[in-house]
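Hi there,

Here is the structure I promised to pass on to you. Have a look at it first, and my notes follow underneath.

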Amino acid sequence: MSARDHDLREIREAVAKLCASFPMEYWRATDRERRYPTEFVRALTEAGWLSCLIPEEYGGAGLNLTAAAAVLEEIQRSGANGAACHAQMYTMGTVLRHCGEVQKKTYLPRIAKGELRLQAFGVTEPSAGTDTSSIRTSAVRKDGRYVINGQKVWTSRAEHSDLMLLLARTTPREQVQKKTEGMTVFLIDMKAALGKGLTIRPIRTMINHATTEVFFDNLEIPAENLVGEEGKGFRYVLDGMNAERILIGAECIGDAKWFLAKATAYANERKVFGRPIGQNQGVQFPIARAHMATEAAALMVERAAALYDQGKPCGPEANMAKQLAAEASWQAGDMCLQTHGGFGFAEEYDIERKFRETRLYQIAPISTNLVLCYIAEHVLHLPRSY
Ligand SMILES: Cc1cc2nc3c(=O)[nH]c(=O)nc-3n(C[C@H](O)[C@H](O)[C@H](O)COP(=O)(O)OP(=O)(O)OC[C@H]3O[C@@H](n4cnc5c(N)ncnc54)[C@H](O)[C@@H]3O)c2cc1C
(Lines give C-alpha, C1' and ligand atoms only; values in the text may rest on other atoms or scores of the structure.)
Protein backbone atom coordinates (compact mmCIF):
# COMPACT_ATOMS: atom_id res chain seq x y z
CA MET A 1 0.00 0.00 0.00
CA SER A 2 1.48 3.40 -0.88
CA ALA A 3 0.38 6.96 -1.48
CA ARG A 4 0.60 6.28 -5.20
CA ASP A 5 -1.77 3.32 -5.05
CA HIS A 6 -4.41 4.88 -2.96
CA ASP A 7 -6.19 8.08 -3.53
CA LEU A 8 -8.04 9.66 -0.66
CA ARG A 9 -11.41 8.37 -1.81
CA GLU A 10 -10.19 4.77 -1.75
CA ILE A 11 -8.67 5.30 1.69
CA ARG A 12 -11.93 6.70 3.01
CA GLU A 13 -13.96 3.84 1.53
CA ALA A 14 -11.65 1.20 2.97
CA VAL A 15 -11.65 2.76 6.45
CA ALA A 16 -15.43 3.24 6.38
CA LYS A 17 -15.85 -0.44 5.45
CA LEU A 18 -13.66 -1.55 8.34
CA CYS A 19 -15.51 0.71 10.77
CA ALA A 20 -18.87 -0.63 9.60
CA SER A 21 -17.96 -4.01 11.10
CA PHE A 22 -17.95 -2.35 14.54
CA PRO A 23 -21.59 -1.42 15.15
CA MET A 24 -22.68 1.37 17.47
CA GLU A 25 -23.54 -1.20 20.14
CA TYR A 26 -19.82 -2.07 20.29
CA TRP A 27 -18.96 1.57 21.06
CA ARG A 28 -21.83 1.91 23.53
CA ALA A 29 -20.61 -1.16 25.42
CA THR A 30 -16.96 -0.13 25.52
CA ASP A 31 -18.00 3.35 26.67
CA ARG A 32 -20.38 1.98 29.33
CA GLU A 33 -17.73 -0.40 30.68
CA ARG A 34 -14.82 2.03 30.10
CA ARG A 35 -13.22 -0.87 28.21
CA TYR A 36 -10.39 -0.37 25.74
CA PRO A 37 -11.61 -1.18 22.19
CA THR A 38 -8.88 -3.78 21.68
CA GLU A 39 -10.65 -5.52 18.78
CA PHE A 40 -11.07 -2.28 16.85
CA VAL A 41 -7.45 -1.24 17.40
CA ARG A 42 -6.30 -4.71 16.32
CA ALA A 43 -8.38 -4.54 13.14
CA LEU A 44 -6.98 -1.11 12.26
CA THR A 45 -3.45 -2.35 12.96
CA GLU A 46 -3.87 -5.48 10.84
CA ALA A 47 -5.23 -3.42 7.97
CA GLY A 48 -2.11 -1.24 8.19
CA TRP A 49 -3.92 2.01 8.98
CA LEU A 50 -2.17 2.70 12.27
CA SER A 51 1.23 2.48 10.63
CA CYS A 52 0.24 4.45 7.57
CA LEU A 53 2.75 7.22 8.33
CA ILE A 54 5.67 4.81 8.78
CA PRO A 55 7.87 4.90 5.66
CA GLU A 56 7.78 1.84 3.40
CA GLU A 57 11.45 1.04 4.10
CA TYR A 58 10.43 0.30 7.72
CA GLY A 59 7.38 -1.73 6.73
CA GLY A 60 4.72 0.98 6.86
CA ALA A 61 2.49 2.36 4.14
CA GLY A 62 4.52 5.55 3.73
CA LEU A 63 1.44 7.72 3.34
CA ASN A 64 1.46 11.44 4.04
CA LEU A 65 -0.35 13.42 6.72
CA THR A 66 -3.21 14.30 4.37
CA ALA A 67 -3.91 10.59 4.02
CA ALA A 68 -3.56 9.96 7.76
CA ALA A 69 -6.01 12.81 8.40
CA ALA A 70 -8.48 11.15 6.02
CA VAL A 71 -8.16 7.87 7.96
CA LEU A 72 -8.92 9.54 11.30
CA GLU A 73 -11.71 11.70 9.91
CA GLU A 74 -13.38 8.61 8.49
CA ILE A 75 -13.10 6.74 11.79
CA GLN A 76 -14.85 9.57 13.64
CA ARG A 77 -17.39 10.07 10.88
CA SER A 78 -18.48 6.45 11.32
CA GLY A 79 -19.33 7.13 14.99
CA ALA A 80 -16.27 5.28 16.31
CA ASN A 81 -13.71 6.72 18.72
CA GLY A 82 -10.26 6.96 17.17
CA ALA A 83 -8.82 8.39 20.39
CA ALA A 84 -8.11 4.80 21.34
CA CYS A 85 -5.23 4.72 18.89
CA HIS A 86 -4.54 8.10 17.27
CA ALA A 87 -1.28 8.57 19.19
CA GLN A 88 0.43 5.96 17.04
CA MET A 89 -0.01 8.40 14.18
CA TYR A 90 0.74 11.69 15.86
CA THR A 91 3.86 10.47 17.70
CA MET A 92 5.38 9.85 14.25
CA GLY A 93 5.92 13.60 13.89
CA THR A 94 8.63 13.32 16.56
CA VAL A 95 9.83 9.77 15.89
CA LEU A 96 10.43 10.07 12.14
CA ARG A 97 12.26 13.37 12.43
CA HIS A 98 14.34 12.81 15.54
CA CYS A 99 14.86 9.11 16.35
CA GLY A 100 18.22 7.75 15.18
CA GLU A 101 18.54 5.10 12.46
CA VAL A 102 19.16 2.32 15.00
CA GLN A 103 16.01 3.25 16.93
CA LYS A 104 13.96 3.44 13.74
CA LYS A 105 15.22 0.03 12.58
CA THR A 106 14.61 -1.46 16.01
CA TYR A 107 11.10 -0.19 16.56
CA LEU A 108 9.35 0.94 13.39
CA PRO A 109 9.15 -2.44 11.58
CA ARG A 110 7.77 -4.05 14.74
CA ILE A 111 5.24 -1.23 15.17
CA ALA A 112 4.23 -1.61 11.52
CA LYS A 113 3.71 -5.37 12.02
CA GLY A 114 1.58 -4.74 15.09
CA GLU A 115 4.07 -6.46 17.43
CA LEU A 116 4.63 -3.22 19.33
CA ARG A 117 2.22 -0.38 20.10
CA LEU A 118 3.42 3.20 20.45
CA GLN A 119 0.32 4.74 21.93
CA ALA A 120 1.57 6.67 24.98
CA PHE A 121 2.85 10.23 25.00
CA GLY A 122 3.87 11.53 28.43
CA VAL A 123 4.16 15.31 28.59
CA THR A 124 1.53 16.71 30.99
CA GLU A 125 2.21 16.68 34.74
CA PRO A 126 -0.05 17.58 37.68
CA SER A 127 1.62 20.99 38.03
CA ALA A 128 2.54 21.42 34.37
CA GLY A 129 -0.25 21.28 31.84
CA THR A 130 -0.31 24.22 29.51
CA ASP A 131 3.05 25.45 30.81
CA THR A 132 5.13 22.51 29.54
CA SER A 133 8.45 24.06 30.52
CA SER A 134 7.61 23.70 34.21
CA ILE A 135 7.65 19.87 34.06
CA ARG A 136 9.56 18.33 36.96
CA THR A 137 10.02 14.71 35.90
CA SER A 138 13.78 14.34 35.76
CA ALA A 139 16.20 12.05 33.94
CA VAL A 140 19.74 11.89 35.32
CA ARG A 141 22.53 10.21 33.38
CA LYS A 142 24.42 7.61 35.41
CA ASP A 143 26.83 4.89 34.17
CA GLY A 144 25.46 4.63 30.65
CA ARG A 145 21.85 4.76 31.85
CA TYR A 146 19.27 7.38 32.73
CA VAL A 147 17.46 7.32 36.06
CA ILE A 148 13.95 8.75 35.85
CA ASN A 149 11.91 10.17 38.71
CA GLY A 150 8.64 12.05 38.70
CA GLN A 151 5.03 11.83 37.65
CA LYS A 152 2.95 12.32 34.55
CA VAL A 153 -0.81 12.77 34.40
CA TRP A 154 -3.32 12.20 31.60
CA THR A 155 -0.95 9.78 29.89
CA SER A 156 -3.60 8.17 27.75
CA ARG A 157 -3.47 4.52 26.63
CA ALA A 158 -0.42 3.81 28.86
CA GLU A 159 -1.90 0.44 29.85
CA HIS A 160 -2.36 -0.49 26.20
CA SER A 161 0.99 0.58 24.87
CA ASP A 162 4.39 -1.08 24.72
CA LEU A 163 6.30 2.14 24.18
CA MET A 164 6.00 5.66 25.50
CA LEU A 165 7.49 8.90 24.26
CA LEU A 166 8.43 10.71 27.44
CA LEU A 167 9.46 14.34 27.96
CA ALA A 168 11.66 14.81 31.03
CA ARG A 169 14.02 17.45 32.37
CA THR A 170 17.71 16.63 32.07
CA THR A 171 18.64 20.11 33.32
CA PRO A 172 16.52 21.83 35.99
CA ARG A 173 14.59 24.88 34.82
CA GLU A 174 16.57 27.15 37.17
CA GLN A 175 19.83 26.19 35.42
CA VAL A 176 18.89 26.89 31.79
CA GLN A 177 18.99 30.22 30.00
CA LYS A 178 15.71 29.66 28.16
CA LYS A 179 13.08 27.73 30.06
CA THR A 180 12.34 25.57 27.01
CA GLU A 181 15.91 24.24 27.05
CA GLY A 182 17.05 21.29 29.14
CA MET A 183 14.12 19.01 28.32
CA THR A 184 14.75 15.67 26.64
CA VAL A 185 12.66 13.04 24.86
CA PHE A 186 13.03 9.34 25.66
CA LEU A 187 11.52 6.24 24.17
CA ILE A 188 10.50 4.08 27.11
CA ASP A 189 9.98 0.33 26.86
CA MET A 190 6.99 0.26 29.17
CA LYS A 191 6.64 -3.49 29.43
CA ALA A 192 10.26 -3.79 30.61
CA ALA A 193 9.80 -0.89 33.03
CA LEU A 194 6.52 -1.97 34.68
CA GLY A 195 7.12 -2.93 38.27
CA LYS A 196 10.76 -1.82 38.05
CA GLY A 197 10.22 1.86 38.73
CA LEU A 198 7.15 2.46 36.55
CA THR A 199 3.62 2.38 37.97
CA ILE A 200 0.43 3.16 36.06
CA ARG A 201 -2.83 4.18 37.72
CA PRO A 202 -6.00 4.57 35.59
CA ILE A 203 -8.13 7.73 35.86
CA ARG A 204 -11.86 7.31 35.29
CA THR A 205 -13.17 10.19 33.19
CA MET A 206 -16.38 11.36 31.50
CA ILE A 207 -15.22 9.62 28.31
CA ASN A 208 -13.74 6.22 27.50
CA HIS A 209 -10.17 7.36 26.97
CA ALA A 210 -8.00 4.87 28.89
CA THR A 211 -6.14 7.74 30.46
CA THR A 212 -3.79 7.30 33.41
CA GLU A 213 -1.34 8.70 35.91
CA VAL A 214 2.20 7.38 35.51
CA PHE A 215 4.78 7.33 38.30
CA PHE A 216 8.55 7.01 37.87
CA ASP A 217 10.50 5.93 40.91
CA ASN A 218 14.19 5.49 40.07
CA LEU A 219 13.32 3.89 36.74
CA GLU A 220 16.54 3.02 34.94
CA ILE A 221 16.57 3.02 31.15
CA PRO A 222 19.42 2.42 28.71
CA ALA A 223 21.10 5.63 27.46
CA GLU A 224 20.39 4.56 23.86
CA ASN A 225 16.70 5.24 24.51
CA LEU A 226 17.48 8.95 24.33
CA VAL A 227 15.81 10.52 21.30
CA GLY A 228 18.05 12.90 19.34
CA GLU A 229 20.14 15.23 21.46
CA GLU A 230 19.85 15.78 25.17
CA GLY A 231 18.21 19.10 26.08
CA LYS A 232 16.46 19.61 22.73
CA GLY A 233 13.29 17.68 23.57
CA PHE A 234 10.92 20.61 23.67
CA ARG A 235 11.62 21.39 20.02
CA TYR A 236 11.21 17.71 19.11
CA VAL A 237 7.87 17.57 20.85
CA LEU A 238 6.78 20.78 19.10
CA ASP A 239 7.61 19.16 15.76
CA GLY A 240 5.17 16.40 16.63
CA MET A 241 2.55 18.82 17.86
CA ASN A 242 1.75 20.34 14.48
CA ALA A 243 1.03 16.84 13.17
CA GLU A 244 -1.04 16.14 16.27
CA ARG A 245 -3.11 19.30 15.89
CA ILE A 246 -3.84 18.62 12.24
CA LEU A 247 -4.84 15.00 12.95
CA ILE A 248 -7.05 15.95 15.89
CA GLY A 249 -8.59 18.65 13.66
CA ALA A 250 -9.41 15.94 11.14
CA GLU A 251 -11.02 13.84 13.89
CA CYS A 252 -13.18 16.81 14.87
CA ILE A 253 -14.29 17.24 11.26
CA GLY A 254 -15.29 13.56 11.28
CA ASP A 255 -17.25 14.07 14.50
CA ALA A 256 -18.97 17.17 13.07
CA LYS A 257 -19.97 15.27 9.94
CA TRP A 258 -21.36 12.43 12.05
CA PHE A 259 -23.47 14.90 14.09
CA LEU A 260 -24.67 16.62 10.91
CA ALA A 261 -25.73 13.37 9.25
CA LYS A 262 -27.53 12.24 12.39
CA ALA A 263 -29.30 15.60 12.87
CA THR A 264 -30.34 15.91 9.22
CA ALA A 265 -31.81 12.42 9.14
CA TYR A 266 -33.73 12.99 12.36
CA ALA A 267 -34.97 16.46 11.34
CA ASN A 268 -36.43 14.97 8.16
CA GLU A 269 -38.04 12.01 9.87
CA ARG A 270 -39.31 13.29 13.24
CA LYS A 271 -42.83 14.74 12.97
CA VAL A 272 -44.17 17.22 15.54
CA PHE A 273 -47.37 19.24 14.94
CA GLY A 274 -47.94 17.04 11.90
CA ARG A 275 -44.80 18.00 9.96
CA PRO A 276 -41.08 17.19 9.98
CA ILE A 277 -39.23 19.29 12.58
CA GLY A 278 -36.67 20.10 9.86
CA GLN A 279 -39.33 22.18 8.12
CA ASN A 280 -38.99 24.75 10.89
CA GLN A 281 -36.28 27.32 10.29
CA GLY A 282 -35.55 27.27 14.02
CA VAL A 283 -34.40 23.66 13.51
CA GLN A 284 -32.85 23.87 10.03
CA PHE A 285 -30.81 27.05 10.50
CA PRO A 286 -28.57 25.65 13.28
CA ILE A 287 -27.98 22.60 11.06
CA ALA A 288 -27.04 24.84 8.13
CA ARG A 289 -24.76 26.94 10.36
CA ALA A 290 -23.00 23.85 11.72
CA HIS A 291 -22.54 22.59 8.16
CA MET A 292 -20.90 25.85 7.09
CA ALA A 293 -18.61 25.92 10.12
CA THR A 294 -17.58 22.33 9.39
CA GLU A 295 -16.86 22.93 5.71
CA ALA A 296 -14.79 26.04 6.51
CA ALA A 297 -12.80 24.26 9.21
CA ALA A 298 -12.23 21.29 6.89
CA LEU A 299 -10.56 23.64 4.40
CA MET A 300 -8.14 24.81 7.08
CA VAL A 301 -7.34 21.21 8.10
CA GLU A 302 -6.70 20.40 4.44
CA ARG A 303 -4.47 23.44 4.01
CA ALA A 304 -2.46 22.76 7.17
CA ALA A 305 -1.93 19.12 6.14
CA ALA A 306 -0.83 20.16 2.65
CA LEU A 307 1.75 22.58 4.08
CA TYR A 308 2.99 19.89 6.49
CA ASP A 309 3.33 17.41 3.63
CA GLN A 310 5.32 19.94 1.61
CA GLY A 311 7.69 20.38 4.57
CA LYS A 312 6.68 24.03 4.88
CA PRO A 313 6.10 25.88 8.19
CA CYS A 314 2.51 25.28 9.29
CA GLY A 315 2.30 26.34 12.96
CA PRO A 316 -0.44 28.96 12.48
CA GLU A 317 -2.44 26.75 10.11
CA ALA A 318 -2.13 23.66 12.35
CA ASN A 319 -3.32 25.64 15.37
CA MET A 320 -6.16 27.32 13.47
CA ALA A 321 -7.19 23.98 11.98
CA LYS A 322 -7.41 22.34 15.39
CA GLN A 323 -9.28 25.26 16.93
CA LEU A 324 -11.78 25.80 14.11
CA ALA A 325 -12.45 22.08 13.77
CA ALA A 326 -12.90 21.60 17.53
CA GLU A 327 -15.34 24.52 17.60
CA ALA A 328 -17.19 23.17 14.56
CA SER A 329 -17.57 19.70 16.10
CA TRP A 330 -18.78 21.17 19.38
CA GLN A 331 -21.27 23.42 17.53
CA ALA A 332 -22.48 20.41 15.54
CA GLY A 333 -22.72 18.28 18.68
CA ASP A 334 -24.77 20.89 20.51
CA MET A 335 -27.01 21.34 17.48
CA CYS A 336 -27.45 17.57 17.12
CA LEU A 337 -28.46 17.18 20.75
CA GLN A 338 -30.93 20.06 20.46
CA THR A 339 -32.40 18.67 17.23
CA HIS A 340 -33.07 15.34 18.94
CA GLY A 341 -34.87 16.87 21.91
CA GLY A 342 -35.08 14.45 24.83
CA PHE A 343 -34.01 11.47 22.70
CA GLY A 344 -30.56 13.01 22.34
CA PHE A 345 -29.97 12.09 25.98
CA ALA A 346 -30.70 8.41 25.45
CA GLU A 347 -27.62 6.21 25.26
CA GLU A 348 -29.00 4.26 22.29
CA TYR A 349 -28.85 7.32 20.02
CA ASP A 350 -25.06 7.62 20.57
CA ILE A 351 -25.27 11.40 20.56
CA GLU A 352 -24.57 11.87 24.25
CA ARG A 353 -21.43 9.70 23.91
CA LYS A 354 -20.10 11.56 20.87
CA PHE A 355 -21.05 14.87 22.55
CA ARG A 356 -18.87 13.98 25.54
CA GLU A 357 -16.04 12.66 23.38
CA THR A 358 -15.78 15.66 21.09
CA ARG A 359 -15.77 18.10 24.01
CA LEU A 360 -12.27 16.93 24.91
CA TYR A 361 -10.75 18.72 21.95
CA GLN A 362 -11.45 22.15 23.43
CA ILE A 363 -9.00 21.17 26.20
CA ALA A 364 -6.57 18.64 24.75
CA PRO A 365 -4.02 18.40 23.29
CA ILE A 366 -3.99 22.18 23.75
CA SER A 367 -6.75 24.30 25.22
CA THR A 368 -8.57 26.79 23.02
CA ASN A 369 -7.25 29.79 25.00
CA LEU A 370 -3.67 28.81 24.31
CA VAL A 371 -4.32 28.56 20.58
CA LEU A 372 -5.72 32.09 20.74
CA CYS A 373 -2.61 33.19 22.67
CA TYR A 374 -0.43 31.63 19.95
CA ILE A 375 -2.27 33.34 17.09
CA ALA A 376 -2.30 36.69 18.93
CA GLU A 377 1.42 36.57 19.64
CA HIS A 378 2.97 34.77 16.67
CA VAL A 379 0.65 35.73 13.83
CA LEU A 380 -0.72 39.11 14.89
CA HIS A 381 2.40 40.22 16.82
CA LEU A 382 0.43 41.29 19.87
CA PRO A 383 2.24 41.29 23.25
CA ARG A 384 2.80 37.85 24.79
CA SER A 385 0.12 37.35 27.42
CA TYR A 386 1.53 34.44 29.43
C1 LIG B 1 -8.84 12.85 28.53
C2 LIG B 1 -7.51 13.54 28.44
C3 LIG B 1 -6.48 12.91 27.75
C4 LIG B 1 -5.22 13.50 27.69
N5 LIG B 1 -4.18 12.81 27.11
C6 LIG B 1 -2.91 13.28 27.24
C7 LIG B 1 -1.78 12.49 26.83
O8 LIG B 1 -1.92 11.39 26.31
N9 LIG B 1 -0.53 12.98 27.08
C10 LIG B 1 -0.31 14.19 27.67
O11 LIG B 1 0.84 14.57 27.85
N12 LIG B 1 -1.37 14.98 28.06
C13 LIG B 1 -2.64 14.55 27.86
N14 LIG B 1 -3.71 15.32 28.28
C15 LIG B 1 -3.45 16.60 28.94
C16 LIG B 1 -3.89 17.82 28.13
O17 LIG B 1 -2.99 18.04 27.08
C18 LIG B 1 -3.97 18.99 29.13
O19 LIG B 1 -5.11 18.75 29.95
C20 LIG B 1 -4.07 20.31 28.44
O21 LIG B 1 -2.85 20.61 27.79
C22 LIG B 1 -4.39 21.45 29.43
O23 LIG B 1 -3.55 21.40 30.54
P24 LIG B 1 -4.18 21.40 32.03
O25 LIG B 1 -5.25 20.38 32.08
O26 LIG B 1 -3.07 21.29 33.01
O27 LIG B 1 -4.86 22.80 32.16
P28 LIG B 1 -4.20 24.13 32.79
O29 LIG B 1 -2.88 24.43 32.16
O30 LIG B 1 -4.23 24.02 34.28
O31 LIG B 1 -5.26 25.21 32.34
C32 LIG B 1 -6.58 25.29 32.92
C33 LIG B 1 -7.40 26.32 32.15
O34 LIG B 1 -6.77 27.61 32.23
C35 LIG B 1 -6.57 28.13 30.94
N36 LIG B 1 -5.30 28.89 30.93
C37 LIG B 1 -4.12 28.53 31.48
N38 LIG B 1 -3.19 29.49 31.26
C39 LIG B 1 -3.79 30.46 30.51
C40 LIG B 1 -3.38 31.69 29.94
N41 LIG B 1 -2.13 32.15 30.08
N42 LIG B 1 -4.29 32.41 29.24
C43 LIG B 1 -5.55 31.99 29.09
N44 LIG B 1 -6.01 30.82 29.61
C45 LIG B 1 -5.15 30.06 30.30
C46 LIG B 1 -6.50 26.94 30.00
O47 LIG B 1 -6.87 27.31 28.70
C48 LIG B 1 -7.49 25.98 30.65
O49 LIG B 1 -8.79 26.25 30.17
C50 LIG B 1 -5.00 14.77 28.29
C51 LIG B 1 -6.06 15.41 28.94
C52 LIG B 1 -7.30 14.81 29.02
C53 LIG B 1 -8.40 15.50 29.78
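Let me start with the ligand shell, which by class has 9 nonpolar, 8 polar and 1 charged residues. Please keep in mind that this is a predicted model. In total, 18 residues surround the ligand, and the closest are Phe 121, Thr 124, Thr 130, Trp 154 and Ser 367.

Three polar contacts are worth opening in your viewer. Thr 124, already listed among the closest residues, has a polar side-chain atom 2.7 Å from a nitrogen atom of the ligand. Ser 156 also places a polar side-chain atom by a ligand nitrogen, at 2.8 Å. With Val 123 the backbone is involved: an N or O atom of its main chain lies 3.0 Å from an oxygen atom of the ligand. How much of the ligand's accessible area does the protein cover? On its own the ligand has 970 Å², and 67% of that is covered by the protein.

I also looked at a helix pair. Helix 4, spanning residues 65–77, packs against helix 9, spanning residues 233–269, at an angle of about 35°. Their axes are 7 Å apart, and the crossing is right-handed. On the helix 4 side, the residues in contact include Leu 65, Ala 68, Leu 72 and Arg 77; helix 9 contributes, among others, Ala 243, Leu 247, Ala 250, Asp 255 and Trp 258. Sorted by class, this contact has 10 nonpolar, 2 polar and 5 charged residues. Among the residues that meet there are Glu 73 from helix 4 and Lys 257 from helix 9.

Happy browsing, and best wishes!

Key: Residues numbered from 1 in each chain as written. Predicted model: local features only at pLDDT ≥ 70, side-chain atom pairs only at ≥ 80, totals over all residues. Heavy atoms only, no water. Near = heavy atom within 4 Å. Polar contact = N/O pair within 3.5 Å; in protein donor to acceptor, adjacent residues only side chain to side chain. Areas by Shrake-Rupley, 256 points an atom, 1.4 Å probe, with all protein chains shown as cover. Nonpolar A, V, L, I, M, F, W, Y, C, P; charged D, E, K, R; others polar. Axes fitted to C-alpha atoms, helices over the stretch in contact; angles between N-to-C directions. Helix = DSSP H or I, 4+ residues; strand = E, 2+ residues; numbered from the N terminus. Left-handed = near helix turned anticlockwise from the far one by under 90°. Contact = heavy atoms within 4.5 Å.
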